[in-house]
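Work through the following exercises with the sequence and the coordinates open beside you. Each one sets a task and is followed by a solution that proceeds step by step.

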Amino acid sequence: MTDQKMTEDPDSEQIRISLVLSKSCNDRSLEVPADPIAVPSTTRKKGLSAIINHLLDRNISNNDDGNDSDSERSDDDEEKLPAIPFDFLLNNKLLRMSVEAAARREGLSLEQAVEIQYFPARQAPEEEGESESLPEWISAMSSSSDLLWTGNCDGSIRLFSPANEKGSLIQTDVVKAHSGPIKCLSSSTSHDNVDSTIVATGSMDQTLLTHSYETGGKLVLHTVYTGGHTSSINSVRLLCDKSGVTMASGDWDGGLCIWKVPSDTNESAKPREKRRKGSSDANDAVREASPFYCFKAHSNNISGISWSSESSNTIITSSWDHSIKTWDVESQNNILTLNGSKVVTALGRCHNSDVVATGHPDCTVRLWDMRSSSKNEGNVFDNTLRPSHRSWISAVEWSPVDPFVMASTSHDGSVKVWDIRSS
């Protein structure tokens, strides 16, 4: 097979590459021939994007954002589709240097064509002016379907719904839920009814509540959870499956409680029903629920909770005591403990595995493998994300669809999106 040659400088050293569209890209119209081509060894991301756009008979952009000014376009270019900026993977790591340097770093032989995967690059979100200011600080946040829920320092829960197709949000409901600041919030859509959502909140006032929401309706107090915590509730996580809704909550003292969220037809909750003050309507009754399990999981504040992807009987917790732990819920046995050198301020789990990300006061996001099948029984990845924030990290959250993408927020006021394949 004769190599195709695409080079701007015939005197520069050449390297053979094979461009392959990533399997994660659903738009197969972006596929180009995988035949090896010769390119300058110094070619980087921008040059590779130009090559692919040329092979796709698109405009070749001179700008990193894929947009050319009108003065730079010829008449022929105006008839072509606009350029697409691409990202590239070499040995499952994002290409952030020249092709030759990346290949040598990975120990790949240059005697054969180096396979490089490509996919459309993610674009930074466009700013649409300043958002509406809320009367109180947002202390917790969760999303379900196209709804956004926020917990606030005044003890209220606010619901935001899409205002238009551009993704703008508008506040559609607010409920005063707690007497103290809300420290944690989790939402989950019903397994049987996509129009029904359960919202769980924990507060510094030591109360734990769930509210129910039906599409187009209002938030309604669902259940009050008692007998579990005696200090500020700082973390909560819902798990919705065929068996119902289970909730885990953690407090400032390191206590962990597991609860079964009553369903609307749960007979066992009726003996504990109490009507709200001043109400005579049987449908206005409020349930009370007691924990299934309560135990001391950490020696300090539990800062994050995630249910395992491997089993609904396994839970992962993080704490200010510098540790991350995996628990068997029924036996309350500690399956795995990983001790770090810093306080853990936030925890998030990948949507399809037990790889977790943690945030810390040293402005760093760290990645951990909590899978029970791991040979080393838990380890830190080599590509731990380098410090980028300027203050301690308050939350980390993985993409619900892409196992390589996550976001972090910090007290420096910034939100950063990461691709963990970048070194």
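The structure is a predicted model, in which local features need pLDDT of at least 70 and side-chain atom pairs count only at pLDDT 80 or more, while totals for chains, interfaces and linings use all residues. Residues are numbered from 1 along each chain as its sequence is written, and side-chain values use heavy atoms, with hydrogens and water left out.

**Exercise 1. Confidence**

Task: establish what average pLDDT the protein chain has, and over which residues pLDDT stays under 50.

Solution. Begin with the term itself: pLDDT is the predictor's confidence in each residue, on a scale from 0 to 100. The protein chain averages a pLDDT of 85, and 83% of the residues score at least 70. Over residues 1-5, by contrast, the pLDDT is below 50, and this stretch has 10 contacts in the model beyond near neighbours in sequence, a contact being heavy atoms within 4.5 Å. Residues 267-283 also stay under a pLDDT of 50, and for them the model has 19 contacts beyond four places in sequence. Where pLDDT is low, the predicted coordinates should not be read in detail.

**Exercise 2. The surroundings of β22**

Task: determine which strands β22 is joined to by bridges, and whether its two faces are covered or open.

Solution. First fix the terms: helices (H or I, at least four residues) and strands (E, at least two) are DSSP runs numbered from the N terminus, and two strands pair if DSSP finds at least two bridges between them. Strand β21 (residues 302-307) is joined to β22 by 5 bridges, and the two run antiparallel; within this pairing S306 stands opposite I316. The connection from β21 to β22 is a hairpin through 6 residues.

Next, take the other partner. Between β22 and strand β23 (residues 323-328) there are again 5 bridges in an antiparallel arrangement, and here the bridge partner of I316 is T326. The hairpin formed by β22 and β23 has 3 residues between the strands, and H322 in the turn has a positive phi of about 80 degrees.

Then consider burial, where buried means under 20% relative accessible area, exposed over 50%, and partly exposed in between (1.4 Å probe, protein chains only). In a regular strand the side chains alternate between the two faces of the sheet. In β22, T314, I316 and S318 lie on one side and I315, T317 and S319 on the other, and all of them are buried, so that both faces are covered. Because 6 of the 6 residues of β22 (residues 314-319) are buried, the strand is largely enclosed by the rest of the structure.

Finally, place β22 in its sheet, an open one of 4 strands in the order β21-β22-β23-β24 with antiparallel pairing. Its edge strands are β21 and β24 (333-339), each of which pairs on one side only. Neighbouring strands of this sheet are turned by 20 degrees against each other on average, direction ignored. Strands β23 and β24 are joined by 6 bridges, and T337 in β24 is the bridge partner of K325.

**Exercise 3. The disulfide and its sheet**

Task: find which cysteines form a disulfide, and decide whether C257 is buried or exposed.

Solution. Apply the criterion that a disulfide is a pair of cysteine sulfur atoms within 2.5 Å; by this rule the count comes to 1. The pair is C257 and C294, whose sulfur atoms are 2.4 Å apart, and with 105 degrees about the S-S bond the link is right-handed. It links distant parts of the chain, since C257 belongs to strand β17 (residues 255-261) and C294 to strand β20 (residues 293-296), 37 residues apart. C257 counts as buried, because its relative accessibility is 2%, whereas C294 is partly exposed at 36%.

Turning to the sheet, 4 strands form an open arrangement in the order β15-β16-β17-β20, with antiparallel pairing. β15 (233-241) and β20 stand at the edges with a single partner strand each, so one side of each is left without a neighbour in the sheet. The twist averages 15 degrees from one strand to the next. Strand β15 is joined to strand β16 (residues 244-251) by 8 bridges, and in this pairing D241 stands opposite G244.

**Exercise 4. Helix α1**

Task: list which residues of helix α1 are buried, and name what they pack against.

Solution. In α1 (residues 45-55) the buried residues are L48, S49, A50, I51, I52 and N53. The buried residues of this helix pack against β2 (14-21), β3 (37-40), β4 (86-90), α3 (99-105) and β6 (114-120). Just after α1, D57 takes a positive phi of about 60 degrees.

Methods. Axes are lines fitted to C-alpha atoms, for helices over the stretch in contact, and angles run from 0 to 180 degrees between N-to-C directions.
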